[in-house]
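This report looks at a few local features of one protein model. Please keep the sequence and the 3D view at hand while reading.

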Amino acid sequence: MDKVKTLDIAKFLPHRAPFLMVDRVLSIDDEHVATSFDIKSDCIFVNDTIFSEIGMVENAAQTCSSIVGKSYFEDDDLEGEGTKLIGFISAIKKVVVHSCPSIGKTIVSKAVLKSRFDTEQYSMCTLECTIHEADKELLSCEMNLFIQEMK
């Protein structure tokens, strides 16, 4: 079985319910990631059965952070026990929202690392992300993230 498909993403992101906006990592390497998220009625970013724009931006940020975040963990650490991370969006360079999905839908987010700067204390990176529902593009964005290991 593919190790990525069995990962509990909640063990690798600092987010917890109700702010965890990624359910599954579909694929990941040092420059790309794909995730999925099921839109449920109790999601904090659902308004009148629609997953909001800000919810999609948060989903994109959590998806993007997993590319750089994975480098802080050992390859065989499938439980996320090796480290704890914090991170935040430092800038949104552009965002285009075409449509918002409704509850019951599953979105797939794909991100690509454009640049990365590492110091001993933190990582800063620029990423591009798109979110789709079936074959329909819902959002595209470019953002900067700041990621730091908690020691």
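Two aromatic pairs occur in this predicted structure. A pair of aromatic rings is described by the distance of the centres and the angle of the planes. For Phe37 and Phe51, the ring centres are 5.6 Å apart and the planes stand at 45°, so this pair is tilted. Phe37 belongs to strand S2 (residues 32-38) and Phe51 to strand S4 (residues 50-51), so the pair ties together parts that are 14 residues apart in sequence. Are these two residues, Phe37 and Phe51, buried or exposed? Both Phe37 and Phe51 are buried.

Another buried residue is Asn144, with a relative accessible area of 18%. Asn144 counts as buried because buried means under 20% relative accessible area. Asn144 sits in strand S8 (residues 136-150). Which residue does the side chain of Asn144 meet in a polar contact? The partner is the side chain of Thr126, at 2.7 Å. Leaving aside residues up to four places away in sequence, Asn144 touches Phe88, Ile89, Ser90, Ala91, Lys93, Cys125 and Thr126.

At the surface, Ile92, Val95 and Val97 make a nonpolar patch of about 210 Å². Val97 is part of strand S5 (residues 84-97). With 33% relative accessibility, Val97 is partly exposed, because this class runs between the buried limit of 20% and the exposed limit of 50%.

The table lists two residues with their strands and accessibility.

| Residue | Strand | Relative accessibility | Class |
|---|---|---|---|
| Asn144 | S8 (residues 136-150) | 18% | buried |
| Val97 | S5 (residues 84-97) | 33% | partly exposed |

How values were computed. Residues are numbered from 1 along each chain as its sequence is written. This is a predicted model: local features need pLDDT of at least 70, side-chain atom pairs count only at pLDDT 80 or more; totals for chains, interfaces and linings use all residues. Side-chain values use heavy atoms; hydrogens and water are left out. Patches are made of residues with over 30% relative accessible area and no salt bridge: like charges are joined within 9 Å, nonpolar side chains (Val, Leu, Ile, Met, Phe, Trp, Tyr) within 5 Å. Accessible areas come from the Shrake-Rupley method with a 1.4 Å probe; for residues, only the protein chains shown count as cover. A salt bridge is a side-chain nitrogen of Lys or Arg within 4 Å of a carboxyl oxygen of Asp or Glu. Helices (H or I, at least four residues) and strands (E, at least two) are DSSP runs, numbered from the N terminus. Buried means under 20% relative accessible area, exposed over 50%, partly exposed in between (1.4 Å probe, protein chains only). Rings of Phe, Tyr and Trp (its six-membered ring) pair if their centres lie within 6.5 Å; planes under 30 degrees apart count as stacked, over 60 as edge-to-face and the rest as tilted. A polar contact is a pair of N or O atoms within 3.5 Å; within protein, one must be able to donate a hydrogen and the other to accept it, and residues adjacent in sequence count only if both atoms are side-chain atoms. Contact means heavy atoms within 4.5 Å.
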